[in-house]
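Here are a few exercises to work through with a viewer open. Try each task on your own before you read its solution.

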Amino acid sequence: MEKLHLEKVLERVQPHIHRTPVLSSSLLNEMAETDLWFKCENFQKMGAFKMRGATNAILKLSEEKKSKGVVTHSSGNFAQALSLAAKSLNVPAYIVMPDTAPEVKKAAVRTYSGKITECPSTIKDREETANQIQEKTGATFIHPSNDIDVILGQGTAAMELLQDHPDLDYIVCPVGGGGLIAGTALAAKFFGRNCKCIGGEPIEADDAWRSLRSGKIETNDSAETIADGLKTQLGDQNFPIILENVDEIIRVSEEEIKSALRLIWERMKIIVEPSSAVPLAAVLKEKDKFKNKQVGIIISGGNVDLSSLPF
C-alpha cells in the first residue's frame with residue numbers, strides 16, 4: 001500500500017462525491033482545550049462517508065462486472081450508499097436487508113433504485129441470501145467494511161481533511177465495522193506529518209478495543225448502544241491495517257455519547273447521528289491527551305431517525 005495508490009483513489013472518486021466542509025466551534029475548542037476540526041460527512045451524498053467506499057469499489061470493477069451489478073447486505077447506511085453509487089454509475093444494485101430494518105431505511109434504498117430482498121436478521125441468513133442473488137445474477141458482492149477498495153475509499157475523507165489541515169496531530173473517528181478507521185489510519189500515515197489515528201468506541205460495543213489488546217478479532221455478545229452504526233465487528237481485511245496503524249481506541253459511555261451528540265447539535269447547528277458524536281466524546285473524556293493539539297474529527301454521518309431522539 002503506497003501513497004500513490006491512495007492518491008489515485010481520491011482522484012477516482014472525486015467526480016462522484018461531495019468534498020464535504022470542515023467546520024470548527026470556538027466553544028467546543030474551549031471545552032476541549034484544543035483545536036478541533038470537524039470533517040462533516042453528514043453533508044456527503046446520502047448523508048454518510050460510506051458513499052466514498054461504495055463509489056470506489058464499483059468504479060474498480062470491469063465493464064463486464066458492472067453490467068451484472070453489485071450486491072451487499074446492510075440494514076442502513078451502506079445499503080443506501082451502494083444503491084446511490086450504483087444508480088449514478090448505471091449499475092444494478094441488489095440489497096439484502098433484514099426484515100426488521102426500519103421502513104424509512106428501506107424507502108431510502110428504493111429511492112436510490114436499490115432492489116431489496118428481505119431476510120431474517122441473522123448474519124447467516126444475510127450471507128446466504130446475498131450468495132443466492134450472486135449465483136442467480138452474477139452480481140459482485142461488496143462488503144460494507146471488509147473490502148480493500150471500500151476501505152481505501154473511506155480513507156479519502158481523512159485525505160481531504162489533511163489537505164485542508166496538514167498539521168493535524170490526531171484524527172479521531174468512530175469504530176464500527178472497521179472500514180472507516182482503517183482507511184483513516186492509512187491516510188494519516190501517508191498524508192499526515194506525524195499524525196496519529198485514534199478510534200472512539202462505545203463501551204457497550206467495545207469489540208475493536210478488545211481486539212487491539214488481544215491481537216485477534218473479538219466479538220460482542222450484545223451491543224445495546226445508541227450508536228447503532230457501530231454495532232458491526234471488524235473483518236480480516238481491515239483488522240491487520242488497524243492493528244498496525246491505529247494508535248489506540250478510547251471507549252465512551254452512553255451518557256458521554258449523548259452529551260457529545262447534544263453539544264454538536266446545539267453548538268454547531270448540524271444534524272449528526274449518534275455514532276458521529278463518539279469521537280468528540282472520546283476527546284472530551286481524555287482531554288489531557290489532546291490538550292493544545294490540532295485534532296481532526298470525522299463526523300461519519302447524519303442519517304437520524306428523528307422520531308427517536310435521545311434528548
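The exercises below go from the whole chain to its sheets, one helix and the cysteines, and they use a predicted model.

**Exercise 1. Describe the overall build of the protein: how many helices and strands are there, and how compact is the fold?**

Step 1. Start with the secondary structure, which comes to 15 helices and 10 strands.

Step 2. Turn to the dimensions. The radius of gyration is 18 Å, close to the 19 Å that the globule rule gives for 311 residues, so the protein is as compact as a globular protein of that length. Along the principal axes, the C-alpha trace spans about 55 × 40 × 40 Å.

Step 3. Look at burial and surface. Of the 311 residues, 55% count as buried. The accessible surface comes to about 13,100 Å², and carbon and sulfur atoms hold 46% of it.

Step 4. Finish with the contacts. Take those between residues at least 6 apart in sequence: 71% of them join residues at least 24 apart.

**Exercise 2. Trace the sheet of 6 strands: what is the strand order, and which strands stand at the edges?**

Step 1. Read the order across this open sheet, β1-β2-β10-β7-β8-β9, and note that its pairing is mixed.

Step 2. Find the edges. β1 (22-23) and β9 (246-252) each have a single partner strand, so one side of each is left without a neighbour in the sheet.

Step 3. Check the pairing from the β1 end. β1 pairs with β2 (residues 35-40) in the antiparallel sense over 2 bridges, and Val22 stands opposite Lys39 in β2.

Step 4. Go on to β2 and β10 (residues 294-299), which pair in the parallel sense over 6 bridges. Here Leu36 has Val295 of β10 as its bridge partner.

Step 5. At the β9 end, β8 (residues 196-202) runs parallel to β9 and is joined to it by 6 bridges. Pro202 stands opposite Val252 in β9.

**Exercise 3. Do the same for the sheet of 4 strands: what is its order, and what is its pairing?**

Step 1. The order of this open sheet is β5-β4-β3-β6, with parallel pairing.

Step 2. β5 and β6 (140-141) stand at the edges with a single partner strand each, so one side of each lacks a neighbour in the sheet.

Step 3. Look at one pair: β4 and β5 run parallel, joined by 5 bridges. The bridge partner of Met97 is Glu118 in β5.

**Exercise 4. Which residues of α6 are buried, and where do they pack?**

Step 1. Within α6 (residues 103-111), pick out Lys106, Ala108 and Val109 as buried.

Step 2. Look down the helix axis. The buried residues of α6 fall within an arc of 160°, so they line one face of the helix.

Step 3. Turn to the other side of α6, where Val104 and Thr111 are exposed.

Step 4. Identify the neighbours: the buried residues pack against α5 (77-88), β4 (93-98) and β5 (115-119).

Step 5. See what comes after α6: Ser113 follows, with a positive phi near 70°.

**Exercise 5. How many disulfides are there, and is Cys40 buried or exposed?**

Step 1. Apply the cut-off for a disulfide, a pair of cysteine sulfur atoms within 2.5 Å. The count by this rule is 0 disulfides.

Step 2. Test Cys40: its nearest cysteine sulfur, that of Cys173, is 14 Å away, and Cys40 is in no disulfide.

Step 3. Judge burial with the cut-off of under 20% relative accessible area. Cys40 has 0% relative accessibility and therefore counts as buried. Cys119, at 3%, also counts as buried.

Conventions:
Residues numbered from 1 in each chain as written. Predicted model: local features only at pLDDT ≥ 70, side-chain atom pairs only at ≥ 80, totals over all residues. Heavy atoms only, no water. Buried < 20%, exposed > 50% of the residue type's maximum accessible area, 1.4 Å probe, protein only. Arc of directions from axis to C-beta. Contact = heavy atoms within 4.5 Å. Rg over C-alpha atoms; globule rule 2.2 N^0.38 Å. Areas by Shrake-Rupley, 256 points an atom, 1.4 Å probe, with all protein chains shown as cover. Pairing = 2+ DSSP bridges.
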